[in-house]
There are 2 protein chains.
Amino acid sequence: MQYDILETKERVLADNEREAVRLRETMRRRGVFFINLMASPGAGKTTLLKRTIEALRGEYNIAVMEADVDSDVDAKAISDLGARVIQLHSGGLCHMDADMTARGVDAFDLTGVDILFLENIGNLVCPAEFDVGSAKRVMLLSVPEGDDKPLKYPLMFQVSDLLMVTKIDTLPVFDFDKGRLEAGARAQHPGMPILYLSARTGEGFDAWLDWLRREAEAFRADAGKEN
Amino acid sequence: MQYDILETKERVLADNEREAVRLRETMRRRGVFFINLMASPGAGKTTLLKRTIEALRGEYNIAVMEADVDSDVDAKAISDLGARVIQLHSGGLCHMDADMTARGVDAFDLTGVDILFLENIGNLVCPAEFDVGSAKRVMLLSVPEGDDKPLKYPLMFQVSDLLMVTKIDTLPVFDFDKGRLEAGARAQHPGMPILYLSARTGEGFDAWLDWLRREAEAFRADAGKEN
């Protein structure tokens with residue numbers, strides 16, 4: 001039975017890769033900087049998005065695709081800020097794939113949108129395996145989850161373009177060793193930038209906004225070359 | 001493509017259910033109380049197991065199967081306590097199924113073991129779907145993950161026989177509303193007991209040990225009937 005699953009998975013991953021390449025090209029042509037945001041449950045994805053939308057209001061038009069197994073609590077929170085949002089349900093699956101994401105994009109009015117976030121399903125395993133066609137993948141790890149996560153979820157660290165350590169206002173409460181986290185993360189992904197922030201106190205938030213502006217401009221410059 | 005996945009999944013789940021029933025019966029015959037422990041990454045599964053093994057030393061012989069995508073850091077931690085432990089690697093999959101679990105059990109010397117824990121892969125989605133043949137399923141939710149998780153991961157709450165809210169020493173640091181959590185959890189699973197504990201301070205730990213003793217004795221009485 002185990003081998004059946006793996007063969008199916010290989011075919012699924014190959015199909016997914018084709019669809020992801022296609023979607024990435026579509027987004028490049030449309031000039032929408034698309035970010036796949038991944039993390040464990042409760043790591044602070046929605047809070048980060050809310051704060052980011054507020055901070056960049058008037059500077060960038062940000063839209064969000066909320067992916068959940070069920071429910072639409074996060075979509076409501078984003079919508080309350082006046083940002084364009086769509087809720088995707090995975091039908092029990094633990095990740096979004098490129099095909100599901102492309103359907104979400106098709107159902108979305110992206111006119112005038114500069115940056116599109118996919119808030120992926122809360123999980124450090126499956127989302128790491130599925131390229132959804134994003135320009136960048138950003139991973140959140142919250143302090144309460146612990147500094148040993150690179151050892152246990154290596155693929156997530158390998159595929160992410162940026163690691164953001166969240167809830168750093170709780171560092172005094174947890175045994176979290178930044179040096180141990182960084183050594184583990186760098187062992188999986190040597191060049192990956194690591195940022196630390198607290199959405200609650202605002203500490204470190206400017207560095208995240210700087211990264212986002214820089215990458216959005218680089219994307220725009222690159223996309224503009226052939227348009 | 002999506003329909004292919006779902007059809008495959010149904011067949012996989014049906015196969016899994018047969019294997020789970022078989023394994024549950026095997027464990028009953030051997031008198032081993034088998035618990036499937038599930039939670040998000042970093043919710044405190046390993047810490048709970050370590051404290052439980054220490055607290056019940058001389059009273060119950062506890063063994064552990066550690067499931068991980070990769071690495072064996074948790075198995076080392078358990079082994080250091082002198083408990084019998086085996087490390088299972090899921091080969092990139094986000095959950096353990098009954099077949100993988102049965103292989104782990106076969107490779108294990110269970111002579112004299114009273115209680116066997118499976119520390120499942122850190123994830124609130126996939127492990128909820130796969131019955132691994134355990135007598136009980138226990139779910140951990142840590143305070144930092146937030147009180148809205150029943151809305152977002154309903155199946156995990158529906159299938160669990162006990163919900164343990166961990167890291168309650170951090171309640172003052174997070175906006176976590178016990179009433180909201182309980183209303184959400186009870187909406188998914190009306191009769192489920194909910195315990196609160198901090199493995200760090202020890203608060204609430206006795207109630208967990210009482211639950212474990214009571215369930216282990218009930219299992220033993222039931223298993224003994226036909227032996």
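**Note on helix and sheet packing**

1. In this predicted model, helix α4 of chain B (residues 98–106) lies across four strands of chain B: β1 (33–38), β2, β3 and β4. The helix runs at about 135° to β2(B).

2. The sheet in chain B is open and has seven strands. Their order is β3-β2-β4-β1-β5-β6-β7, and the pairing is parallel. At the edges sit β3 (84–89) and β7 (194–196) of chain B, each paired on one side only. From one strand to the next, the twist averages 20°.

3. One pairing can be checked residue by residue. Strands β2 (residues 62–68) and β4 (residues 115–119) of chain B pair in the parallel sense over five bridges. Met65(B) of chain B stands opposite Leu118(B) in β4(B).

4. A second helix also lies across strands of chain B. Helix α9 of chain B (residues 205–224) lies across β1, β4, β5 (136–142), β6 (162–166) and β7 of that chain. Its direction is at about 140° to β1(B).

5. Now chain A. The axes of helix α2 (residues 45–55) and helix α9 (residues 205–224) of chain A come within 11 Å. They cross at roughly 70°, so α2(A) is roughly perpendicular to α9(A). From α2(A), the contact uses Leu48(A), Arg51(A), Thr52(A) and Ala55(A). From α9(A), Phe205(A), Trp208(A), Leu209(A) and Leu212(A) take part.

6. What is the make-up of the contact of α2(A) with α9(A), by nonpolar, polar and charged residues? Six are nonpolar, one is polar and one is charged.

Terms used. Residues are numbered from 1 along each chain as its sequence is written. Chains are lettered from A and ligands numbered from 1 in the order in which they are written. This is a predicted model: local features need pLDDT of at least 70, side-chain atom pairs count only at pLDDT 80 or more; totals for chains, interfaces and linings use all residues. Side-chain values use heavy atoms; hydrogens and water are left out. Axes are lines fitted to C-alpha atoms, for helices over the stretch in contact, and angles run from 0 to 180 degrees between N-to-C directions. Helices (H or I, at least four residues) and strands (E, at least two) are DSSP runs, numbered from the N terminus. Angles under 35 degrees count as roughly parallel, over 145 as roughly antiparallel, 65 to 115 as roughly perpendicular and the rest as oblique. Contact means heavy atoms within 4.5 Å. Ala, Val, Leu, Ile, Met, Phe, Trp, Tyr, Cys and Pro count as nonpolar, Asp, Glu, Lys and Arg as charged, and the others, Gly among them, as polar. Two strands pair if DSSP finds at least two bridges between them.
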